[in-house]
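Subject: Structure for you to look at

Hello,

Here is the structure I said I would pass on. Please open it first, then read the notes below it.

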Amino acid sequence: MTTRQVRKRCQALVGALDLPRPFSVEALIHELSVRRGRPILIHTVSLGSSLNACGLWIATEGSDNIYVEEKTTKFHQEHIILHEIGHILCDHGITDQENQGALSTLLPSISPELISRLLARTNYTTEQEQEAELVASLIHAAAGMLTPSPSTGVRGALEAALGIRE
Ligand SMILES: [Zn+2]
């Protein structure tokens with residue numbers, strides 16, 4: 001796919017989302033869980049360097065589990081969650097026996113038999129990573145989380161006071 005096709009596909013995916021208002025990552029996760037009929041569960045763990053990843057999505061028979069590095073900021077964690085949601089929405093599922101073994105060592109509470117799909121950043125193609133990252137950015141943008149409108153809040157009031165506001 002060309003970059004333009006990737007962008008179009010991601011825009012369509014994000015456009016089809018019913019983004020909660022007011023937006024929060026928690027509300028989005030709830031929305032998606034209901035829509036997919038599968039709970040998305042967030043776990044904060046110390047992934048460390050063992051997986052060369054700061055986020056991880058594991059689909060089991062009954063749920064989608066997102067693992068997020070605990071030793072980072074809330075903003076970064078939310079970005080990781082959106083990135084992993086990007087992988088879920090794009091359906092970037094793969095099976096990797098070797099990594100299932102590595103993960104069952106790291107997260108012994110999950111039995112390897114339960115893990116039907118396992119995803120670590122290192123297993124994705126560059127294109128899949130771009131897609132997931134793009135979906136995360138588009139959700140950010142759609143939710144207005146990145147940059148508040150320049151003509152609201154303090155700056156809007158200032159512009160109005162200065163008579164430069166249209
Ligand atoms: Zn990724």
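Helices and strands here are DSSP runs, a helix having at least four residues and a strand at least two, and they are numbered from the N terminus. Please keep in mind that this is a predicted model.

Overall picture: the protein has six helices and four strands, and from the N terminus on their order is α-α-β-β-β-α-α-β-α-α. Of its 166 residues, 44% count as buried. Among contacts with a separation of 6 or more, 67% are between residues 24 or more positions apart. The accessible surface is about 9,100 Å², and carbon and sulfur atoms hold 55% of that.

Zinc site: which protein atoms are the donors of the zinc ion? They are NE2 of His83, NE2 of His87 and two OE atoms of Glu129, at 2.0 to 2.6 Å from the ion. Along the sequence the donor residues follow the spacing H-x3-H-x41-E. His87 sits in helix α3 and Glu129 in helix α5, 42 residues apart, so this pair links distant parts of the chain. Both His87 and Glu129 are buried.

Why is the arrangement of the four donor atoms irregular? The angles they subtend run from 51 to 134°, and a tetrahedral site would need all angles between 85 and 135 degrees.

Helix α3: this helix covers residues 74–90. Because 14 of its 17 residues are buried, α3 is largely enclosed by the rest of the structure. The expected span of α3 at 1.5 Å a residue is 24 Å, which agrees with the 24 Å between its end C-alpha atoms. Just after α3 comes Asp91, with a positive phi of about 60°.

Regards

Definitions and conventions. Residues numbered from 1 in each chain as written. Predicted model: local features only at pLDDT ≥ 70, side-chain atom pairs only at ≥ 80, totals over all residues. Heavy atoms only, no water. Donors = N, O, S within 2.8 Å, 3.2 Å for Na, K, Ca; no water. Tetrahedral: all angles 85-135°; square planar, octahedral: opposite > 155°, others 65-115°. Buried < 20%, exposed > 50% of the residue type's maximum accessible area, 1.4 Å probe, protein only. Expected span 1.5 Å × (residues − 1). Contact = heavy atoms within 4.5 Å. Areas by Shrake-Rupley, 256 points an atom, 1.4 Å probe, with all protein chains shown as cover.
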